[in-house]
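Hello,

The structure we talked about is below, with the sequence. My notes on what was found in it follow.

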Amino acid sequence: MLVEKFQVDSPDVEYGTDHIKSQYSYASTSVDRNAEGKWMVKPTQSKYEFQTSTKLPKLGVMLVGWGGNNGSTLTAGILANKHGITWMTKDGLKQPNYFGSLTQAATLRLGNYKGEEVFTPFKSLLPMVKPEDIVFGGWDISSYNLADAMERAQVLDWELQRQLVPYMKEQMPLPGIYDPDFIAANQDTRADNIIKGTRSEQVEQVRQQIRTFKEEQKLDKVIVLWTANTERYSNVMNGLNDTADNLLASIERNETEVAPSSLYAVACIKEGVPFINGAPQNTFVPGLVEFAVKQNVLIAGDDFKSGQTKMKSVLVDFLVGAGIKPTSIVSYNHLGNNDGMNLSAPQTFRSKEISKSNVVDDMVASNSILYKPGEHPDHVVVIKYVPNVGDSKRAMDEYMSEIFMGGHNTISMHNTCEDSLLAAPIILDLVLLAELTGRIQFKEEGKELHGFHPVAVLLSYLAKAPLVPDGTPVVNALAKQRAMLENTFRACVGLYPENNMMLEFK
């Protein structure tokens, strides 16, 4: 049973005219070792208060790489939903949808009604901005309008594209920052829409572009997300980007090792605008993270978790949790879109290889019965550019595991991923959840209300290589990431985590 709307009936929950307030008892566990060396595990309870503003802003989203496959596909998809555009294919009439979006197409369990499980849409848990109400803009190093960019991407059915052209042909990306040293040389033919000047001048121009967009569209809030080409890794060096002051000074000196993505992030932080990195490069060098924390501006990343890596974060969690020992994981990909073309350069591929390779680390570390200290499965990632397959990426994985009494188990998987159609809903989720988390404040009993940490760990579910604050455990297991996000939002309306014990039926 699906319930679209509900209200929590509890003395600990208050529905105001512009807020929801909840008193929440947070149950956890502390682990310590006593003087005799005995491990002591103690259940704990802490009182928290959550306050969520229910006033929805007029939201603007600026995409870096708006004219790429992801940006044009997301814009087209939201317009198709907004205007109810249908289209014919050889398989019949198609309706627009938001499949693949956690916020728009997933549900969560509320409870049980007369023996029937009751669910609600994820978006019904707390007030969220509607996708159709978002105002889109952004940058691209290519001057194509969004209609031409959609045609170039070759992602959507032609009959749908034809109907969307009138809505998209007037949408023009702003000039973007281009540095050929950070992406593949094969991207130079697209680079005809460029912000000129020194790095400092480029940052100031991006700041002005954000301000102009906000003013002209009469927006309450703007969020910026990088969905442009994967960059190579930046060198992290003392005196260059190791501290906030050094990073800002390096930009003023026009240091060439400051990446375009970091320049956009700095501009956003100076404007108080959240910045999300959807690619695998190390945009968030130490100095940039320090700057965001000092200015209390949300940053999140890295790299969309869409296809092969999402499956990996489920399967390895299952195997290790079942007491089965993965000993090698080999992942092969080939794709033919512009992302694949850019990744054909060794320096940009290295960024992707790093973000894909660390996804199993926390799952392996969770079971020292299976793995000795320092032991880790062999893990290899290969990506090849094959133009003929276009946006329809192929991912092939082989998982070899050790089982009972020296036996072996092999799981082979073939995954055909429509790359941009998987990524677009994740972009939507990232910006909607980033906006929502900015309206939530909370406090522990006896302390002052505050927002979440600027490094947005709650968005880890959507990232291949989650960015977390110093001292925070990195969680890659998909089920744990979703539980963290869902249970935090449940706490905002006074609902306990879903524990699946179902004692009332035992």
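Leaving aside residues up to four places away in sequence, Ile-276 touches Ile-223, Val-224, Leu-225 and Trp-226. Its other contacts under that rule are Leu-298, Ala-300, Leu-430, Val-431 and Ala-434. Please keep in mind that this is a predicted model.

Ile-276 belongs to the largest nonpolar core, which has 68 residues. Along with Ile-134, Leu-164 and Phe-489, Ile-276 ranks among the residues with the most contacts inside that core. The biggest contribution to this core comes from helix α13 (residues 419–437), which supplies 11 residues. There is also a second core, separate from that one, with 37 residues; Ile-195, Phe-291, Ile-299 and Leu-467 are among them.

The backbone has a few points to check before you set up any calculation.

The peptide bond between Gly-301 and Asp-302 is cis, and its omega is near -5°. Asp-302 sits in the loop that runs between β13 (299–300) and α9 (308–321).

Two residues other than glycine have positive phi: Asn-500, near 65°, and Met-502, near 50°. Asn-500 is in the segment after α14 (478–492), and Met-502 is also placed in the segment after α14. How exposed is Asn-500 in relative accessible area? The value is 57%, so Asn-500 counts as exposed, the cut-off being over 50%. Met-502 has 31% relative accessibility and is therefore partly exposed.

Regards

Note on methods
Residues numbered from 1 in each chain as written. Predicted model: local features only at pLDDT ≥ 70, side-chain atom pairs only at ≥ 80, totals over all residues. Heavy atoms only, no water. Helix = DSSP H or I, 4+ residues; strand = E, 2+ residues; numbered from the N terminus. Buried < 20%, exposed > 50% of the residue type's maximum accessible area, 1.4 Å probe, protein only. Core = buried A, V, L, I, M, F, W, Y, C linked by side-chain atoms within 4.5 Å. Contact = heavy atoms within 4.5 Å.
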